[in-house]
Structures are given as C-alpha cells and as structure tokens.
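Open the model in your viewer and show side chains as sticks. The tour below goes from one charged pair to the next.

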Amino acid sequence: MFFEDHLDEALSRENSPDGGVSAADPRHSHDTATASSQHGTGTLLAALIQAAENERAAPDILPYPAAIVDGVAAQIAAQNAQIRNANAEEARSSSLLPFRPSDLMALEVQRAQFFLAELLRQRLRKIEALAPAIAYEAQAGIAAPTQLRSLLSHNEVIVADRLAELAGRCAKLAGLQAAPPELQHLVPHPPFAEGDEVLPRPDVDRYVFCVVLDDLGVVRLGDDAVQTVHAGEIFLVPYRSFRPYVLEGRVRLV
C-alpha cells in the first residue's frame, strides 16, 4: 500500500536530527498560518450557526449581524477560489486517494452557505410579517410602538418598505378603495382610522427554551420570580426575560 510504503520513510525523516521541519522552515510557517486560518473559519462558522439558531427561535428580529455575514461571505468567496485552483491542479495530476480534496472543501462551503441562507431566510420571514410596523416607524419616528428599523440592514429596510407598499396596494385592489379616503390605511392614521393596535408586533412574551452560556447572577424571570442563573442551565421562560442576554451572546436560544 502507498501509505504503508511511505510510513517508515516519514518516520525516519521525523526522527533524524536534520530531517524534520524546524520552526524557521517556511513550510512550518505556512502550516501554522493555515491552522490559524482554519481556526478562525471554525469560530466564524460557529458564530453563524448560533446566530441562525437564535434568529429562528427568537420571536422578534435580532440585530443584523453584519460582521458575521460579511466575514462568512468573504470566506466563502475565498474558499471557492481555492476550490477552483484545486480542481485545476487535480485535473493536471493523478491521485491514489478515493476522493478529491476539493470535494471536501466544497462540502464545507455548502455547509456555510446553508446556515447563511437559513439566517437570512428567517429574517426575511419576520420582515414580511412585520413590514407595516417597520414602514410606519419611518413616519412616526420614536413615537412608533416598535423600534425594529434600526435592527435591519440597509437592504432589509428597503425590502420592508417595498413589502408594506405592496401590501397597501393589494388591500386597495381587494376592496379597500371603496372605503372613505380617511380609512384607506393599513397603519395608524388618526383621528379617523385605527390606532397602534392595527400594527403587527413581535410576541416577546412567548416562552422559549434558553441555554445559559455564562453566569448571569440574579435574573428576574417574571413579575414575582427571581433566580440565580448559572452557566449550563436550561430554562423555559418568556423571551422578554432573557432577551438582553441573547443580544449580549450570553444566552443561546434552542
């Protein structure tokens, strides 16, 4: 076998006083840089997975993780370039391996793409449901009952405004245009139309499962309940109670 035939040769180089790779060897520096890059990529992917899980479980829209999304997108682009180079190299040479290394790299890229798409898909689902409230914030400012607009990226704000506009047009085409002009609104329009109660809002009192990642000390879990919370504990609590810790990265939703 190829690996068995070269095993003794590799061991002899490793045990020889001058046959191994020293710390000053350029190959050692390259391997160290590669390992550091892989460690950074793994950390970034773990952060992406946690962001996607939190977004899926959270009743409201979480702040847009620009650093994570941009970092993962850049890493995907860089790894796709490496895959193209590896494919070209594999086409010029023959290998005894039962698989192509570029295929393994492609699987890692697909994994990152899946979680990135999952994160953005969950955010778009919430934006679609809350589009009227998000668009209304541009009119009412700080007087709006929700403050979701600041949690979105620039492109997400554009999507929310367009969805709200399309919803208004569809409602009018479906028969809302037959109502008096002062009532042809899907958002608060005093003094004649409905008030803030017509706007969709996230249900922050919904119960969620949480995994505590850090000691939080004494936390108020309800109107008349407080408890000392330690790392590793799992809770089923109203989302409102742990939302600040979710934003800080000290609690993970499941």
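## Salt bridges, stop by stop

Select E118. In this predicted model, E118 has a relative accessibility of 9% and counts as buried, because the limit for buried is under 20%.

Now add R56. R56 is the salt-bridge partner of E118, and the closest N and O atoms are 3.1 Å apart. E118 belongs to helix α4 (residues 101-140) and R56 to helix α2 (residues 26-57), so this pair ties together parts that are 62 residues apart in sequence. Check the surroundings of R56 too. R56 counts as partly exposed, at 38% relative accessibility.

**Next stop: D60.** Where does D60 sit? D60 is found in the loop between α2 and α3. Is D60 buried or exposed? D60 counts as buried, with a relative accessibility of 2%.

Select R243 alongside D60. The two form a salt bridge, with 2.5 Å between the closest N and O atoms. R243 lies in helix α6 (residues 239-248) and D60 in the loop between α2 and α3, so the bridge ties together parts that are 183 residues apart in sequence. R243 is partly exposed, with a relative accessible area of 22%.

Keep D60 selected and add Y239. The D60 side chain makes a polar contact with the Y239 side chain, at 2.7 Å.

Now show the wider surroundings of D60. Which residues is D60 in contact with, leaving aside its neighbours within four places in sequence? They are these:

- E55 and K126
- P202 and V204
- Y239 and R243

**Next stop: a network.** Two of those contacts of D60, E55 and K126, lead on to the next selection. Pick E55, R123, K126 and E156. These residues are linked in a network of salt bridges.

**Next stop: D103 and R100.** Select both. Their side chains meet in a salt bridge, at 3.2 Å from N to O. D103 counts as partly exposed, at 35% relative accessibility. R100 also counts as partly exposed, at 43%.

**Last view: the full set.** How many salt bridges does the count come to? The count comes to 15 salt bridges. Among the residues to keep labelled are E118 with R56, D60 with R243, and D103 with R100. Color by burial to finish. E118 is buried at 9% and D60 is buried at 2%, while their partners R56 and R243 are partly exposed.

Key. Residues numbered from 1 in each chain as written. Predicted model: local features only at pLDDT ≥ 70, side-chain atom pairs only at ≥ 80, totals over all residues. Heavy atoms only, no water. Salt bridge = Lys/Arg side-chain N within 4 Å of Asp/Glu carboxyl O. Helix = DSSP H or I, 4+ residues; strand = E, 2+ residues; numbered from the N terminus. Buried < 20%, exposed > 50% of the residue type's maximum accessible area, 1.4 Å probe, protein only. Polar contact = N/O pair within 3.5 Å; in protein donor to acceptor, adjacent residues only side chain to side chain. Contact = heavy atoms within 4.5 Å.
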